[in-house]
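This report looks at nonpolar cores and at the packing of a pair of helices.

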Amino acid sequence: MRFTLVLNREFIILECEKQIKKYPNAKYKKFNTLQEAEAFVKEGNNKKVFGNSTRETPISKYISSKQQNTSSVWTDGSSINNGQHGAKAGIGVYWGKDDPRNISERLPGPRQTNNRAEIMAVIRALETCPDNNIPLEIRTDSQYVINAYKSWIPKWEKNNKWKASNNKDVENKELFQRLMKLVRARNAEVTIEYVQGHVGVQENEEADQLAKLGAFMDTVDDLYDYGDDETEIKRQHTILQYFQTITDESSPPSIVENSQILLNNFEYNKNILAKDDSN
């Protein structure tokens, strides 16, 4: 069944009538307003007739899929002399060509391993996606991150026991927990998918180059507060209250959009609060 949705304008109506007459089983329907037409589509009047058979076509599904965009980002980690004394690691986050959110940074902290760089790159991707209502797809060539996110972390959390199969403490536990807090802070779904590295996938290659450049940057301290949950929750609440006072209806959209990014960096927020109190 073919539907033609038009507004109540005679010259359009005549043209639409002419167009549908050439199709078998076509149905012509007139609407006085665009809102009526949209409501008709959303109500599920979406049967398609093929000969004597009828099947349902989820028109609303196609409408929602167009309206609900998914953000995609590519991440990578790099470590020069990985596992050795004097190793240097960098992180790369690639959103797209000339995107201001693209990141090339040195891995913070003294432990400069490739695995930590891979996790941190995913963390930074989450921190630079300000709209929590858009589904986020993170693409990485790290099987370590993929396995942790999809398999290991759910088991560790379910058992409330962050122990590896050899009964030793999980390496990089604090980074994984930081990652999961960011994931759960979002309203929309976060997926982390595998992309094969070094096979010519342009976005992956860009993330790889950003990570390699980051490894040559100056060392930086890890200023993130990995304190206990109670302290962290209180700090988040204090910062959230502050941002609620500056993100009213009169605030520029950029402030509102970036408030979540700022919430994810406690040291930066504490500096903002200190400056505000001193004014």
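The sections below cover the basis of the values, the cores and one helix pair.

## Basis

The model is predicted, so local features need pLDDT of at least 70 and side-chain atom pairs count only at pLDDT 80 or more, while totals for chains, interfaces and linings use all residues. Residues are numbered from 1 along each chain as its sequence is written, and side-chain values use heavy atoms, with hydrogens and water left out.

## Nonpolar cores

The largest nonpolar core (buried Ala, Val, Leu, Ile, Met, Phe, Trp, Tyr and Cys residues joined through side-chain atoms within 4.5 Å; buried means under 20% relative accessible area, 1.4 Å probe, protein chains only) has 35 residues. Those touching the most other members are I119, L126, L136, I138, F176 and L179. At least two residues each come from β6 (88–94), α4 (114–127), β8 (136–140), α5 (143–159), α6 (173–184) and β9 (190–194); helices are DSSP runs of H or I, at least four residues, and strands runs of E, at least two. The largest contribution, 8 residues, is from α4.

Another core, of 5 residues, lies apart from this one and includes W74, Y94, A207 and L210.

## Packing of α4 and α6

The axes of α4 and α6 (lines fitted to C-alpha atoms over the stretch in contact) are 10 Å apart, at an angle of about 20°. Because angles under 35 degrees count as roughly parallel, α4 is roughly parallel to α6.

Contact (heavy atoms within 4.5 Å) involves residues including I119, I123 and L126 of α4 and F176, L179 and L182 of α6. By class, the contact of α4 with α6 has 10 nonpolar (Ala, Val, Leu, Ile, Met, Phe, Trp, Tyr, Cys and Pro), no polar and 4 charged (Asp, Glu, Lys and Arg) residues.

Key: Buried means under 20% relative accessible area, exposed over 50%, partly exposed in between (1.4 Å probe, protein chains only). Axes are lines fitted to C-alpha atoms, for helices over the stretch in contact, and angles run from 0 to 180 degrees between N-to-C directions. Angles under 35 degrees count as roughly parallel, over 145 as roughly antiparallel, 65 to 115 as roughly perpendicular and the rest as oblique.
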